[in-house]
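Please take a moment to look at the sequence and the model side by side before reading on. The paragraphs below go through the structure one part at a time.

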Amino acid sequence: MENPARITIVVCDDEASTRQLACAALAGGNYSIIEAVDGNEAVELARSVRPDLMVIDMMMPGRNGLDVVAELRTDPEFADMPAILLTAHDAISHRDAAADAGADRFMTKPFSPLKLASVVDGLIRKRLATQNKRLRELDRLKDEFIALVSHELRTPLTSIGGYLELILEEEVGELTTQQRRFIEVIERNAQRLLRLVGDLLLVAQIEASGLGLERSVVDLAKLAAEAVETARPRADKKGIDLSLVCEEEPALACDPARLAQALDNLISNAVKFTPEGGHVEVRVSCRQGRAAIEIEDTGIGISPVERDAIFAPFFRASNAVEREIQGTGLGLVITKAIVLAHRGEIHVESEEGIGTTVRVELPLEHKDGNGASPAAGGAA
Ligand SMILES: Nc1ncnc2c1ncn2[C@@H]1O[C@H](COP(=O)(O)OP(=O)(O)O)[C@@H](O)[C@H]1O
Ligand SMILES: [Mg+2]
């Protein structure tokens, strides 16, 4: 199929001249038109291409138009597909039969090509409007479902975490080395679930009502240093050289907790997607009223065809999936939403097998509104 998003119409008539006239009538509509020469072919085509509309001759040898429509209507997938029946006889009995079979319209041959085009156009418009409404409703239900489930999961998980903490603190008795090891595994996984639930809730919130910010002025270099230290244990474990270079210490009016979350996501990605012994460098700089944070890694990279998709919810690049690197594909959705809420930009440069650089730019907003930043330099 050349373009799967295009509206597809099946035109079925055993007479070539009628098929050609119908195709010519619909040629201006930017539809993908497929011709069928008899009822059997029409049913087969319908089942394989799932057309948006069918124009079918009523009287054909073998399986006629009424049989085709009646048969397709038994399949719920075709319950709403508009069907136009063509016939040479404008008899009341034919109209009744067409309606009984489930046809939406009945047109007598010879038909006016303009009339056919306008009927098709009207039915397609109606179908698209109904489909859009249904999709919007499904989207809303999906958001509601995610928010509800995440919420219901968070309460028991928080309780599990609390009791595990008490056990690990040996508040209820001493632990053997093995018990401690096992309970630490449980605790790590409970934390992971809690993070996932938090991410799901946040994504649902972003989609439903956007991200609210609680702003205060913070030193971006300090924020970056904290994020680097958060990632340090994992980097050390993989023998990754993780460094921070701060040319300046931009004072930024931002939501520090959210921005920290964005930096944690980006730095943890860099560490996660970089093989052992690699390098990750975080750089903070500022220029022309904008602060920039760059996170550069020598990791697995992202192929050009997948580069734009990495900001979509749940998307994970094929090389990440192949290597079984854990993740949910929500980190970048959240990160991008945080950057955009700060009126910033996020760009990714990457070469597969060489590495990735993510660049976040944020406008520096001061209370005096002059956009300048104090440049002290050299902090790490
Ligand atoms: N630094 C990186 N190097 C290579 N691939 C990356 C990098 N950052 C993100 N990606 C790709 O983008 C996908 C989405 O990232 P993200 O939303 O953080 O999800 P997750 O980390 O849970 O997989 C990742 O699964 C990975 O395929
Ligand atoms: Mg991630």
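A nonpolar core is a set of buried Ala, Val, Leu, Ile, Met, Phe, Trp, Tyr and Cys residues joined through C-beta atoms within 7 Å, and a residue counts as buried if 20 or more other C-beta atoms lie within 10 Å of its own. With these terms in hand, we can look at the structure, which is a predicted model.

The domain assignment divides the protein chain into domain 1, residues 8-111, domain 2, residues 135-209, and domain 3, residues 216-363. Between the C-alpha centres of domain 1 and domain 2 there is a separation of 54 Å.

In soluble globular proteins, nonpolar side chains tend to be buried together. The largest nonpolar core of this model has 48 residues, and Ala224, Leu263, Ile267 and Val271 are those with the most contacts inside it. Helix α7, which covers residues 220-237, gives the most to this core, contributing 8 residues. The core also draws at least three residues from each of domain 2 and domain 3. Which residues does Leu263 touch, not counting residues up to four places away in sequence? Leu263 touches Leu223, Ala224, Ala227 and Ile293 on that basis. A second core, separate from the one just described, has 33 residues, and Val55, Leu85, Ala103 and Leu116 are included in it.

Leu85 also leads us to Phe106, since leaving aside neighbours within four places in sequence, Phe106 is in contact with Leu85, Thr87, Arg95 and Ala98. Phe106 has its place in strand β5, residues 105-108. Although Phe106 and Thr87 are 19 residues apart along the chain, their C-alpha atoms are separated by 7.6 Å. Is Phe106 partly exposed or buried? Phe106 counts as partly exposed because it has 18 C-beta neighbours inside 10 Å, whereas a buried residue needs 20 or more.

Following the chain onward from β5, the reader comes to the peptide bond from Lys109 to Pro110, which is cis, with omega near -5 degrees. Pro110 has its place in the loop between β5 and α5, a helix that covers residues 113-168.

Two other loop residues deserve a careful look at their backbone angles. Arg50, in the loop between α2 (39-49) and β3 (53-57), has a positive phi of about 50 degrees although it is not a glycine. Glu170, found in the loop between α5 and α6 (177-209), has a positive phi of about 60 degrees, and it is not a glycine either. Arg50 counts as exposed because it has 12 C-beta neighbours inside 10 Å, and Glu170 is exposed because 10 other C-beta atoms lie within 10 Å.

After α6 comes another loop, which runs between α6 and β6 (216-219) and is the place of Leu211. Leu211 counts as partly exposed because it has 15 C-beta neighbours inside 10 Å. Not counting residues up to four places away in sequence, Leu211 touches Ile206, Ala337, Ile338 and Ala341. The C-alpha atoms of Leu211 and His342 are separated by 9.8 Å, while along the chain these two residues are 131 residues apart.

Strand pairing can be followed through strand β12, residues 355-363, which pairs in the antiparallel sense with strand β11, residues 345-351, over 7 bridges. Within this pairing, Ser350 stands opposite Thr356 in β12, and the bridge partner of Glu345 is Glu361 in β12. The hairpin of β11 and β12 has 3 residues between the strands, and in this hairpin Gly353 takes a positive phi near 80 degrees. Strand β10, residues 290-297, is also joined to β12, by 8 bridges, and these two strands run antiparallel. There, Ala291 stands opposite Leu362 in β12.

Finally, we turn to the ligand. How many residues surround ligand 1? Ligand 1 is surrounded by 21 residues, of which the closest are Phe273, Ala317, Gly327, Gly331 and Leu332. The elements that give two or more residues to this shell are α8, residues 256-272, and α10, residues 331-341, and α8 gives the most, with 3 residues. Sorted by class, the shell around ligand 1 has 10 nonpolar, 9 polar and 2 charged residues.

Terms used. Residues numbered from 1 in each chain as written. Chains lettered and ligands numbered in written order. Predicted model: local features only at pLDDT ≥ 70, side-chain atom pairs only at ≥ 80, totals over all residues. Helix = DSSP H or I, 4+ residues; strand = E, 2+ residues; numbered from the N terminus. Contact = placed C-beta atoms within 7 Å. Domains from an automatic or database assignment. Near = placed C-beta within 6 Å. Nonpolar A, V, L, I, M, F, W, Y, C, P; charged D, E, K, R; others polar. Pairing = 2+ DSSP bridges.
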